[in-house]
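Biologist: I am new to this structure. Please take me through a single part, the largest pocket: which residues line it, and which elements give to its lining?

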Amino acid sequence: MARAPLFLALLCIAVAAFAFSDGADARKMVGVYVLKKGDFSVKISNWGATIMSIVTPDSKGNLADVVLGFDTLAEYVNDTSYFGPLTGRVAQRMARGRFVLDGKVYHTYINDGKNAIHGGHRGFSKVIWTVKEYVGGGDSPYITLYYRSFDGEQGFPGDLDVYATYQLSSAYELSIRTNATALNKATPVNFLQHVYWNLGGEGSGDILGHTLQLSASRYTPMDEELLPSSGRVDPVAGTSYDFRTPTPIGARIRKVKGGSVFGYDINYVIDGEGMRKVAAARDGASGRALELWANQPAMQLYTGNFLNNTKGKDGKVYDQYGGFALETQAYPDAVNHPEFPSIIVRPGQVYKHDMLYKFSF
């Protein structure tokens, strides 16, 4: 436990010493990689497979970064808000950091009160990924990252090979394709990309006026620890969680609580199966709009409830509701709820999580 701050301090120094990299010769160093297609660009770091920025036009052609984050890699190393990374091995909260698999009890690293969150204090968001391929320009810029998660890492069983490819697949579209193969032991797997969005531009104010529509007619109620302890799946109809039609995010935000504060931090069960439209958001002032498509059964809506005087990019400050996250995923704490769809991946099986972000203006 006591070694974690020392590890982060040393790693922070190491990251600060690395230059931005744009070639394969530096693919095992921590770097920033740019994907660019016309006036649409994305910056990604192999530190935590992190989306650092997405720059896109508004209805008047003005460019802005619509992703909350930091100026330097060193700040991402010490980040506790999860600005932009791919989280795992098991994203979201796990009750008491424990689960039983094939009759054996496993204990993972506790890093959220009495529970585990986003894979532990050194989950996939806090490791260096290897750059396997990188093409920054051309018709379809992309980067493929790789990480070998070892048996026992943060308490999880078995070796796991993980790949994540980020690609500008079409004009103003970012696709993310992740897969993980269990090599020698059964293990739970659940990834999510933890991007905070502000379609008016990061640091431009709150997102309460953004309209949001979700393809979700059901949700999993959460307790005070933000766990689905009841195991229920309830209809959104007649509740403040109903976004089946375009609704301002702030319209009912004072009627819901994400833990101890007002705001959304809730898991939705997405209607349908396979790759389908999950969410659509729009900022009326800029005209920017975002569609999210994914192949996962669920999605966490988080409205930046705990942002509080957080220093961001270019000296900007992010306060409560300064951004929102749309986190496609498996059901939270599924390892402890047999009534939820299983997230167990057995040796030779492959977990796949695909996302597609479509921007318009």
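Modeller: Here is the largest pocket, followed by the sheet that holds one of its lining strands. This is a predicted model, where local features need pLDDT of at least 70, side-chain atom pairs count only at pLDDT 80 or more, and totals for chains, interfaces and linings use all residues. Residues are numbered from 1 along each chain as its sequence is written, and side-chain values use heavy atoms, without hydrogens and water.

The largest pocket holds about 650 Å³ of space. A pocket here is an open set of points on a 1 Å grid over the protein atoms alone, where a 1.4 Å probe fits, with protein on both sides within 12 Å along at least five of seven lines. Its volume is the space filled by probe spheres set on the points, which are joined across faces, edges and corners.

The lining has 33 residues, each with an atom within 4 Å of a point. Thr80, Ser81, Tyr82, Asp112 and Ile117 lie nearest the centre. By class, 14 lining residues are polar, 11 nonpolar and eight charged. Asp, Glu, Lys and Arg count as charged; Ala, Val, Leu, Ile, Met, Phe, Trp, Tyr, Cys and Pro as nonpolar; the others, Gly among them, as polar.

Two or more lining residues come from each of α1 (3–17) and β25. α1 gives the most, with three. Helices (H or I, at least four residues) and strands (E, at least two) are DSSP runs, numbered from the N terminus.

Now follow β25 (residues 298–302) into its sheet. Five bridges join β25 to β28, and the two run antiparallel. Tyr302 stands opposite Ala325 in β28. The open sheet has five strands in the order β18-β17-β22-β25-β28, with antiparallel pairing (strands pair if DSSP finds at least two bridges between them). β18 (234–235) and β28 (325–329) are the edges, each with a single partner strand, so one side of each has no neighbour in the sheet.
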